[in-house]
Amino acid sequence: MNNYTINNCVKTCRNNDKGFLYALVKLESKASWDSIDYSEDNDFHLNNDIDYIGITSNLMERFSQHRNRKSNKIGMIVFNQTETEFPEAELKALESDAIFNYCLEKGVPKWQKGASTFSGA
């Protein structure tokens, strides 16, 4: 019997030493708990319509939080991950750069509240 659930996946990702840069995208219908996809395009956020750019080390947990707080009609697209021995600092730099470049090209993403305040990324 397969006991694979979102809770098992969230537990597996705890204390992960990798960080992920992701975008949230609008879907036509309600997303399932595992509506996470990956893109090889590091400029995915600039080449597509997105609603949010974020970082996490636990994709399943973060996606679950977004579905509960923002919308159940969203998908998560991972488009970059950390490669150095300083994943937290690298990820913050990747996120800031992605948000800045998106704002310059397309304006502030729909749910990117921190992009127009000094409260953080």
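**Notebook: the sheet and its helices**

I looked up the sheet first and found an open arrangement of four strands in the order β2-β4-β1-β3, with mixed pairing. The model is a predicted one. I then noted the edges: β2 (36–38) and β3 (52–56) each have a single partner strand, so one side of each lacks a neighbour in the sheet. Ignoring direction, I recorded an average turn of 30 degrees between neighbouring strands of this sheet.

Next I examined the helices. I found α3 (residues 59–69) packed on the sheet, where it touches β1, β2, β3 and β4. The direction of α3 makes about 145 degrees with that of β4. For α4 (residues 87–106), I noted that the helix lies across β1, β3 and β4 and runs at about 175 degrees to β3.

I turned to the pairing of β4. Strand β1 (residues 20–26) and strand β4 (residues 74–81) are antiparallel partners, and I recorded seven bridges between them. Among the residue pairs, I located Phe20 opposite Gln81 in β4, and I identified Asn80 in β4 as the bridge partner of Leu21.

I also checked β2 against β4. These strands run parallel and are joined by three bridges. Here I found Asp37 opposite Ile77 of β4.

Last, I asked how many residues of β4 are buried. I recorded seven of the eight, with buried taken as under 20% relative accessible area. I therefore entered β4 as largely enclosed by the rest of the structure. For reading the strands, I kept in mind that side chains in a regular strand alternate between the two faces of the sheet.

Definitions and conventions
Residues numbered from 1 in each chain as written. Predicted model: local features only at pLDDT ≥ 70, side-chain atom pairs only at ≥ 80, totals over all residues. Heavy atoms only, no water. Pairing = 2+ DSSP bridges. Helix = DSSP H or I, 4+ residues; strand = E, 2+ residues; numbered from the N terminus. Axes fitted to C-alpha atoms, helices over the stretch in contact; angles between N-to-C directions. Contact = heavy atoms within 4.5 Å. Buried < 20%, exposed > 50% of the residue type's maximum accessible area, 1.4 Å probe, protein only.
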